[in-house]
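User: Hi! Could you walk me through this model with me?

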Amino acid sequence: MPQALRAGSAAQGNSIQTLERKEVAMPASLPMIDISDLVSSDTDKRAKVGAQMREACLAHGFFYVTGHGVPHGLMTAVMEQTRALFDLPVAAKTALDKANSPCNRGYEVLGGQSLDPRQGPASPPITVEQHLRAMYARTYAAKA
């Protein structure tokens, strides 16, 4: 029996819907999807990209993107800054801890986050909708 996935949908008023995970053989690599048509005025082209993304998420959980328009120089600069951050001493990184950010941004220690409800503090798993609502409330309450 296929495993069900739960996902929130803004188009459905943030309701929870159940999606069936496809039982497929895993290929040796992740799919590569050209997303350039997401900005097309042709709705069929946009829908095709959306369908490819959905299929990749259901079958693999991840995918690579091409056609995003981000200049190679910018990607290189971001990677250099990322390396610089992780090369900092632990005390400097800890000062940038995500827990201190009202915007849910910052440093997290390796292994400090788990999506597996069987790991970490004993608490019931939450739905995607519950997580997003809590994150939204924290972010915007801090700005008020």
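Analyst: Happy to; here is a short tour, from the overall layout down to single residues.
Analyst: This is a predicted model, so local features need pLDDT of at least 70 and side-chain atom pairs count only at pLDDT 80 or more, while totals for chains, interfaces and linings use all residues. Residues are numbered from 1 along each chain as its sequence is written, and side-chain values use heavy atoms, with hydrogens and water left out.

User: Great. How many helices and strands does the protein chain have?
Analyst: The protein chain has 4 helices and 4 strands. These are DSSP runs, H or I of at least four residues for helices and E of at least two for strands, numbered from the N terminus. In sequence order the pattern reads β-β-β-α-β-α-α-α.

User: And what share of the residues counts as buried?
Analyst: The figure is 10% of the 144 residues. Buried means under 20% relative accessible area, exposed means over 50%, and partly exposed lies in between, using a 1.4 Å probe and protein chains only.

User: What about long-range contacts?
Analyst: Among contacts with a separation of 6 or more, 44% join residues 24 or more positions apart. Contact here means heavy atoms within 4.5 Å.

User: Let's look at α1. What is its span from first C-alpha to last?
Analyst: Helix α1 has 17 residues and reaches 24 Å, close to the 24 Å expected at 1.5 Å a residue. That expected span is 1.5 Å times one less than the number of residues. Val 49, Ala 56, Leu 58 and Ala 59 are buried in α1.

User: Anything at its ends?
Analyst: At the start of α1, a side-chain oxygen of Asp 42 comes within 2.8 Å of the backbone nitrogen of Asp 44. After α1 comes Gly 61, with a positive phi near 90 degrees.

User: Where is Ser 40?
Analyst: Ser 40 sits in the loop between β3 (32–34) and α1 (43–59). Ser 40 counts as buried because its relative accessible area is 17%. Beyond neighbours within four places in sequence, Ser 40 contacts Lys 45 and Arg 46.

User: Switching topic: which residues does Lys 93 touch?
Analyst: Leaving out neighbours within four places in sequence, Lys 93 is in contact with Leu 85, Phe 86, Leu 88 and Tyr 107. Lys 93 belongs to helix α3 (residues 90–94).

User: What is the nearest side chain of opposite charge to Lys 93?
Analyst: That is Asp 87, 7.0 Å away; Lys 93 is buried yet has no salt bridge. For charges, Lys and Arg count as positive and Asp and Glu as negative, with His and the chain ends not counted. A salt bridge is a side-chain nitrogen of Lys or Arg within 4 Å of a carboxyl oxygen of Asp or Glu. A polar atom of the Lys 93 side chain does lie 3.5 Å from the backbone oxygen of Leu 88.

User: And Leu 85, on the other side of that contact?
Analyst: Leu 85 is in helix α2 (residues 72–86), and it is partly exposed because its relative accessibility is 27%. Besides Lys 93, Leu 85 contacts Leu 96, again leaving aside neighbours within four places in sequence. The C-alpha atoms of Leu 85 and Leu 96 are 9.9 Å apart.

User: How many disulfides are there?
Analyst: The count is 0, where a disulfide is a pair of cysteine sulfur atoms within 2.5 Å. Cys 57 is partly exposed at 37% relative accessibility, and Cys 103 is partly exposed at 30%.

Conventions
A polar contact is a pair of N or O atoms within 3.5 Å; within protein, one must be able to donate a hydrogen and the other to accept it, and residues adjacent in sequence count only if both atoms are side-chain atoms.
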